[in-house]
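Student: I would like a close look at a single part of this protein. Please take me through the sheet and what packs around it.

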Amino acid sequence: MTMMNQEMKRFNHLTSEINAAYHETALKLGISDSAMQILYTICNNGESCLISDICRLTGISKQTINSSLRKLEDEKILYLEVYKGRSKIIRLTEHGKMLTEKTVMKVIEIENKIFEAWSEEKRNLYLSLTQEYLTMFQNEVKQL
């Protein structure tokens, strides 16, 4: 393997380990991965979010999102409202807000703590390289 392949292998390993850490976190907090990602996306957006945005931002299939939403709706964690046309917006119930405080907000606090421990230079470097990687990856995929 060339050096670049070794670096890419390490990158992929780290990405997988980060995903596994978030999975373990969801399990520890007693919610499914899809519920965690839905609630995280809503919290990151405020207190509501379009279903289409959740699908786009999480990369989870629309079928899985809809299945998770039905379960979360049955558990009175969130509810759906018609937005524009066929679009639907997801809103947290009071119970959902309390649940996110015990789960998703704890994850966000951990993430913020990590970022705050880094210097501004490190944060900017991490964010700029991640953005550059994403943009270049998206451009390459368009060429497929």
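Tutor: Here is the sheet, followed by its surroundings and the surface.

First, some ground rules. This is a predicted model, in which local features need pLDDT of at least 70 and side-chain atom pairs count only at pLDDT 80 or more, while totals for chains, interfaces and linings use all residues. Residues are numbered from 1 along each chain as its sequence is written, and side-chain values use heavy atoms, leaving out hydrogens and water.

The protein has 7 helices and 3 strands. Helices (H or I, at least four residues) and strands (E, at least two) are DSSP runs, numbered from the N terminus. Along the sequence the pattern reads α-α-β-α-α-β-β-α-α-α.

Now the sheet. It is open, has 3 strands and runs in the order E1-E3-E2, with antiparallel pairing. Two strands pair if DSSP finds at least two bridges between them. Strand E1 (48-50) and strand E2 (78-82) stand at the edges. Each has a single partner strand, so one side of each lacks a neighbour in the sheet. From one strand to the next, the twist averages 25°. Angles run from 0 to 180 degrees between N-to-C directions, and axes are lines fitted to C-alpha atoms, for helices over the stretch in contact.

Look at one pair in detail. E1 and strand E3 (residues 88-92) join in the antiparallel sense over 3 bridges. Leu-50 stands opposite Ile-89 in E3.

Next come the helices on the sheet. Helix H2 (residues 33-45) lies across E1, E2 and E3, and runs at about 110° to E1. Helix H4 (residues 62-74) packs on the sheet too, touching E2 and E3. The direction of H4 makes about 115° with that of E2. Contact here means heavy atoms within 4.5 Å.

Step back to the whole protein. The C-alpha trace spans about 50 × 40 × 25 Å along its principal axes. Of the 144 residues, 25% count as buried. Buried means under 20% relative accessible area, exposed means over 50%, and partly exposed lies in between (1.4 Å probe, protein chains only). Val-141, found in helix H7, is partly exposed, with a relative accessible area of 39%. Among contacts between residues at least 6 apart in sequence, 47% join residues at least 24 apart.
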